[in-house]
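Biologist: I would like a close look at a single part of this predicted model, followed outward into whatever surrounds it. Please take one helix as the starting point and connect it to the rest of the fold.

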Amino acid sequence: MEVDTMRAVGVVSREELVAGDGLSFLRGIIAGTNPAPPFADAMNFELAEADEGRVVFVGQPSPRFFNPLGTIHGGWTATILDSAMACAAHSTLKPGEGYTTLEMKLNYVRPVMPDSGPVRCEGKLIHRGSSVITTEGKLVDARGKLLAHGTETCMVFPAKPSAG
């Protein structure tokens with residue numbers, strides 16, 4: 001799997017981000033009408049699917065993410081899982097809502113290696129309340145074997161168009 005190096009990378013204005021609903025924004029990233037976040041480009045993964053309460057990221061672990069033990073650093077695994085779980089929450093936002101992650105819990109099941117990929121990371125909604133969202137995520141290798149899984153809690157709040 002090659003991450004699309006021709007896709008636009010960047011951030012949108014806060015006004016643009018909170019003007020529409022979360023699912024439309026995520027689908028805009030997939031369609032290329034919204035830029036992909038810069039960190040996803042650096043981490044070699046991308047958003048591939050988005051529905052309300054469910055998203056899928058795909059990625060390719062590579063030796064550039066090795067830890068001193070010669071396996072993919074747990075931070076790479078945590079980042080793709082956090083992205084999937086947080087974007088599952090993001091997909092439920094209404095115009096004018098923002099969110100932030102309050103906590104995340106991960107379980108590492110198998111080592112991630114370059115030949116584990118391309119990997120698939122699915123984030124799913126568990127619960128959507130007025131102020132708290134909980135999600136879960138699963139990372140599987142190219143053969144469908146579970147590599148890691150986790151849960152995340154996000155807080156929802158009214159988002160102002162500008163940070164000032």
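**Helix α4 and its surroundings**

Modeller: Thr77 is found in helix α4, and this residue is a convenient place to begin in a model that is predicted. Thr77 counts as buried because its relative accessible area is 2%, where the cut-off for buried is under 20%. Leaving aside neighbours within four places in sequence, Thr77 is in contact with Tyr108, Val112, Leu139 and Ala148.

One of these partners, Leu139, leads into the nonpolar interior, as it is listed with Val55, Phe57, Trp76 and Ile80 among the residues that have the most contacts inside the largest nonpolar core, a set of 29 residues. Two or more residues of this core come from each of α2 (22–31), α3 (38–43), β1 (45–51), β2 (54–59), α4 (74–90), β4 (119–128) and β6 (146–158), and it is α4 that gives the most, with 8 residues. Ile80 shows what such a position looks like in detail: when residues up to four places away in sequence are not counted, Ile80 touches Phe45, Phe57, Val58, Gly59, Val119, Cys121 and Leu139. There is also a second, separate core, made of 5 residues, and Ala89, Leu93, Ile133 and Val156 are included in it.

Helix α4 also takes part in the largest pocket, which has a volume of about 720 Å³. Of the 37 residues that line this pocket, Leu17, Phe25, Cys87, His90 and Tyr99 lie nearest its centre, while α1 (14–19), α2, α3, β1, α4 and β3 are the elements that give two or more residues to the lining. The largest share, 6 residues, again comes from α4. By character, the lining divides into 21 nonpolar, 9 polar and 7 charged residues.

Turning to the strands, β6 pairs with two partners, and both pairings are antiparallel. Strand β3 (residues 97–108) is joined to β6 by 11 bridges, with Thr101 standing opposite Cys154 of β6. Strand β5 (residues 132–140) is joined to β6 by 9 bridges, and here Lys138 has His149 as its bridge partner. β5 and β6 form a hairpin with 5 residues between them, and Gly144 in its turn has a positive phi of about 85°.

Two backbone features deserve a careful check, given a general expectation: most residues other than glycine have a negative phi, and most peptide bonds are trans. Asn44, in the loop between α3 and β1, has a positive phi of about 65° although it is not a glycine; Asn44 is buried, with a relative accessible area of 15%. The other feature is the cis peptide bond that joins Gly117 and Pro118, with omega at about 5°, and Pro118 has its place in the loop between β3 and β4.

That loop between β3 and β4 also holds Pro111, which counts as exposed because its relative accessible area is 56%, the cut-off for exposed being over 50%. Not counting residues up to four places away in sequence, Pro111 touches Thr71, Ser116 and Leu147. Pro111 and Ser83 are 28 residues apart in sequence, and their C-alpha atoms are 19 Å apart in space.

Terms used. Residues are numbered from 1 along each chain as its sequence is written. This is a predicted model: local features need pLDDT of at least 70, side-chain atom pairs count only at pLDDT 80 or more; totals for chains, interfaces and linings use all residues. Side-chain values use heavy atoms; hydrogens and water are left out. A nonpolar core is a set of buried Ala, Val, Leu, Ile, Met, Phe, Trp, Tyr and Cys residues joined through side-chain atoms within 4.5 Å. Buried means under 20% relative accessible area, exposed over 50%, partly exposed in between (1.4 Å probe, protein chains only). Helices (H or I, at least four residues) and strands (E, at least two) are DSSP runs, numbered from the N terminus. Contact means heavy atoms within 4.5 Å. Two strands pair if DSSP finds at least two bridges between them. On a 1 Å grid over the protein atoms alone, a cavity is a set of points where a 1.4 Å probe fits but cannot get out, and a pocket is an open set with protein on both sides within 12 Å along at least five of seven lines; lining residues have an atom within 4 Å of a point. Grid points are joined across faces, edges and corners, and a volume is the space filled by probe spheres set on the points. Ala, Val, Leu, Ile, Met, Phe, Trp, Tyr, Cys and Pro count as nonpolar, Asp, Glu, Lys and Arg as charged, and the others, Gly among them, as polar.
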